[in-house]
Every structure is written in C-alpha cells, then in structure tokens.
Amino acid sequence: MKSKEIVKQNLLAEPLSPDAVKLARGIYNTYIAQDEELSLEIKIPTFFKLLNLHPCTDSIKDIQNLLEELNEPLAVRNFEFHGETTQLKFIQFCNYKIGEETITIELSPEYLHAQKEYMLDSFLFNL
C-alpha cells in the first residue's frame, strides 16, 4: 500500500501571537528534553520566566489564554497518521490542566505530525 503524496497546507486561520509561539516552542523544547514524552508536568514559575510574567493570578490567566490560543483546532485535509487517512481532521495542540504548582500538558502526537509534515506555516520547527 503506497501513501499519498503529502500536500503542505497553511493550517493557521490567523497567525499566533509572539507569546503563544514562545510558549509553544518552550513546551516543545521540554518535550524534546524529556525524550519526546507526550505527557509533561511543568512548574508554573517556569512559564512565568519564559514569558517574563509577574507571578500572580492574572499571569496564570494569561498563560491559560495563550494555551487556548494554541489549541485553536487545525483543519488538515487528507491527513494520514499511522497508516490511516482522514479526509478532514481537526486537531489541537494539547490537553492541559492547571494545578496549584504545575501545569500538566498532554501533547497531541497528531498535531506534532501535522507540524512536521503538513504545515507550510509551521512555527515549532522554524527556529
């Protein structure tokens, strides 16, 4: 069985804010540093440092807003993942839970695959 040729696509409805891109790259670099483990638990002060935020409740809301911005679904046409092709697939960057001291993030393997293979407007790998 032969795979179809992948057609690169502009998948972002609108460009991400610079802080959202910084956050995504920070999360991605943590993923790489932890041997590509999709489940991450990152201390909240790490986010404050990365984004130059003052440690307060409003800053946690800012982080949550950036995570929501990153989670705008991507619509990928003719998406092939693990040998299965879907005509139109909607995927999100991650699932997350904000705790007292950490933010638990579960990255989407489909999203990472789309970044590498399908996106003309990739932001994780264009460093």
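## A buried place to start

Let us begin with Phe79: its relative accessibility is 1%, so Phe79 counts as buried. Here, buried means a relative accessible area under 20%, exposed means over 50%, and partly exposed covers what lies in between, using a 1.4 Å probe and protein chains only.

The model is predicted, so local features need pLDDT of at least 70 and side-chain atom pairs count only at pLDDT 80 or more, while totals for chains, interfaces and linings use all residues. Residues are numbered from 1 along each chain as its sequence is written, and side-chain values use heavy atoms, with hydrogens and water left out.

## Aromatic rings

How many aromatic pairs does the structure hold? There are four. Rings of Phe, Tyr and Trp (for Trp, its six-membered ring) pair if their centres lie within 6.5 Å; planes under 30 degrees apart are called stacked, those over 60 edge-to-face, and the rest tilted. One of the pairs joins Phe79 and Tyr118, with 5.3 Å from centre to centre and 45° between the planes, which makes it tilted. This pair links distant parts of the chain, since Phe79 sits in strand β2 (residues 74–81) and Tyr118 in the segment after α4, 39 residues apart. The names of helices and strands come from DSSP runs, numbered from the N terminus: helices are H or I runs of at least four residues, and strands are E runs of at least two.

Tyr118 has a relative accessible area of 2%, so Tyr118 is buried. Another pair is made by Phe93 and Tyr111: their ring centres are 5.3 Å apart and their planes stand at 85°, so this pair is edge-to-face. Here too, distant parts of the chain are linked: Phe93 belongs to the loop between β3 and β4 (94–98), Tyr111 belongs to helix α4, and 18 residues separate them in the chain. Both Phe93 and Tyr111 are buried. Back at our starting residue, Phe79 forms one aromatic cluster with Phe81 and Tyr118.

## The nonpolar core

In soluble globular proteins, nonpolar side chains tend to be buried together. What does that look like here? The largest nonpolar core has 36 residues, and those with the most contacts inside it are Ile27, Phe93, Ile105, Leu107 and Phe123. Several elements each supply at least two residues of this core: α1 (18–33), β1 (39–43), α2 (44–51), α3 (57–70), β2, β5 (102–107) and α4. The largest share comes from α1, with seven residues. A nonpolar core is a set of buried Ala, Val, Leu, Ile, Met, Phe, Trp, Tyr and Cys residues joined through side-chain atoms within 4.5 Å.

## A salt bridge

A salt bridge is counted when a side-chain nitrogen of Lys or Arg is within 4 Å of a carboxyl oxygen of Asp or Glu. How many salt bridges does this rule give? The count is one. The partners are Glu110 and Lys89, whose side chains meet at 3.6 Å, N to O. Glu110 is in helix α4 (residues 109–117) and Lys89 in strand β3 (residues 84–91), so the salt bridge ties together parts that are 21 residues apart in sequence.

Are these two residues buried or partly exposed? Glu110 has 22% relative accessibility and counts as partly exposed. Lys89, at 24%, counts as partly exposed as well.

## The largest pocket

Which residues line the largest pocket? They are Leu11, Leu12, Ala13, Glu14, Pro15, Leu16, Glu69, Leu70, Glu72, Pro73, Leu74 and Tyr111. By class, nine of the lining residues are nonpolar, none are polar and three are charged.

One lining residue, Pro15, lies in the segment before α1. Its relative accessibility is 72%, so Pro15 counts as exposed. Pro15 and Glu100 are 85 residues apart along the chain, and their C-alpha atoms are separated by 31 Å.

## Residues in loops

Asn52 is placed in the loop between α2 and α3. Its phi is near 55°, a positive value in a residue other than glycine. With a relative accessible area of 65%, Asn52 is exposed. His82 lies in the loop between β2 and β3, and phi of His82 is also near 55°. At 73% relative accessibility, His82 counts as exposed.

Is Asn71 buried or exposed? Asn71 is buried, with a relative accessible area of 5%, and its place is the loop between α3 and β2. Asn71 and Ile91 are 20 residues apart in sequence, and 8.4 Å apart in space from C-alpha to C-alpha.

Technical notes
On a 1 Å grid over the protein atoms alone, a cavity is a set of points where a 1.4 Å probe fits but cannot get out, and a pocket is an open set with protein on both sides within 12 Å along at least five of seven lines; lining residues have an atom within 4 Å of a point. Ala, Val, Leu, Ile, Met, Phe, Trp, Tyr, Cys and Pro count as nonpolar, Asp, Glu, Lys and Arg as charged, and the others, Gly among them, as polar.
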